[in-house]
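Trainee: I've got a model open and I'd like to learn how to read helix packing. Can you walk me through it?

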Amino acid sequence: MSGVKRKRNVLNVKQKLEILQKLDNGESARNDAEDVLNERNAISHSAALQAVETLLDYMGQKRFDYDDITTVHKICVDIRQEMNKQQKQRRITDFLSSQC
């Protein structure tokens with residue numbers, strides 16, 4: 001397959017932010033991601049966090065406006081908080097199920 005080039009679909013910044021905002025609001029971003037990337041998997045919080053952190057690095061290198069960077073950083077914080085909340089819920093569920 002060395003001579004075959006695959007078309008690579010990539011989310012642009014606006015699309016990434018829209019998906020992250022939907023995740024932050026507890027909505028599913030699955031359909032949006034599938035439309036753009038033709039994938040059948042929902043975006044995980046860790047994948048979203050990695051994408052936003054990469055975006056932050058890029059914004060820092062290109063010297064984006066401080067307010068824009070702050071807004072994207074807040075999305076990172078929100079994703080981490082949601083991940084921690086879900087992890088805490090899993091621990092409680094695991095603890096309670098082990099007590100039965």
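**Reading a helix pair**

Mentor: Let's start with the orientation: H1 and H4 are oblique to each other. Keep in mind that this is a predicted model.

Trainee: What do people use to describe two packed helices?

Mentor: Two packed helices are described by the angle between their axes and the distance between the axes. Here, helix H1 covers residues 13-24 and helix H4 covers residues 66-98. Their axes come within 10 Å and cross at roughly 40°. Angles under 35 degrees would count as roughly parallel and 65 to 115 as roughly perpendicular, so this pair ends up oblique.

Trainee: Is the crossing of H1 and H4 left-handed or right-handed?

Mentor: That crossing is left-handed.

Trainee: Which residues make the contact?

Mentor: On the H1 side, look at Leu 17, Leu 20 and Asp 24. H4 brings in Val 72, Ile 75, Asp 78 and Ile 79. Sort the residues of this contact by character and you get five nonpolar, no polar and two charged.

Trainee: And how do I read the chain as a whole?

Mentor: Begin with the secondary structure: the protein chain has four helices and zero strands, in the pattern α-α-α-α along the sequence. Then check burial, where 18% of the 100 residues count as buried. The chain exposes about 8,200 Å², with carbon and sulfur atoms supplying 48% of that area.

Trainee: What share of the contacts between residues at least 6 apart in sequence join residues at least 24 apart?

Mentor: In this protein chain, 53% of them do.

Technical notes: Residues are numbered from 1 along each chain as its sequence is written. This is a predicted model: local features need pLDDT of at least 70, side-chain atom pairs count only at pLDDT 80 or more; totals for chains, interfaces and linings use all residues. Side-chain values use heavy atoms; hydrogens and water are left out. Axes are lines fitted to C-alpha atoms, for helices over the stretch in contact, and angles run from 0 to 180 degrees between N-to-C directions. Helices (H or I, at least four residues) and strands (E, at least two) are DSSP runs, numbered from the N terminus. Angles under 35 degrees count as roughly parallel, over 145 as roughly antiparallel, 65 to 115 as roughly perpendicular and the rest as oblique. A crossing is left-handed if the near helix is turned anticlockwise from the far one by less than a right angle, and right-handed if clockwise. Contact means heavy atoms within 4.5 Å. Ala, Val, Leu, Ile, Met, Phe, Trp, Tyr, Cys and Pro count as nonpolar, Asp, Glu, Lys and Arg as charged, and the others, Gly among them, as polar. Buried means under 20% relative accessible area, exposed over 50%, partly exposed in between (1.4 Å probe, protein chains only). Accessible areas come from the Shrake-Rupley method with a 1.4 Å probe; for residues, only the protein chains shown count as cover.
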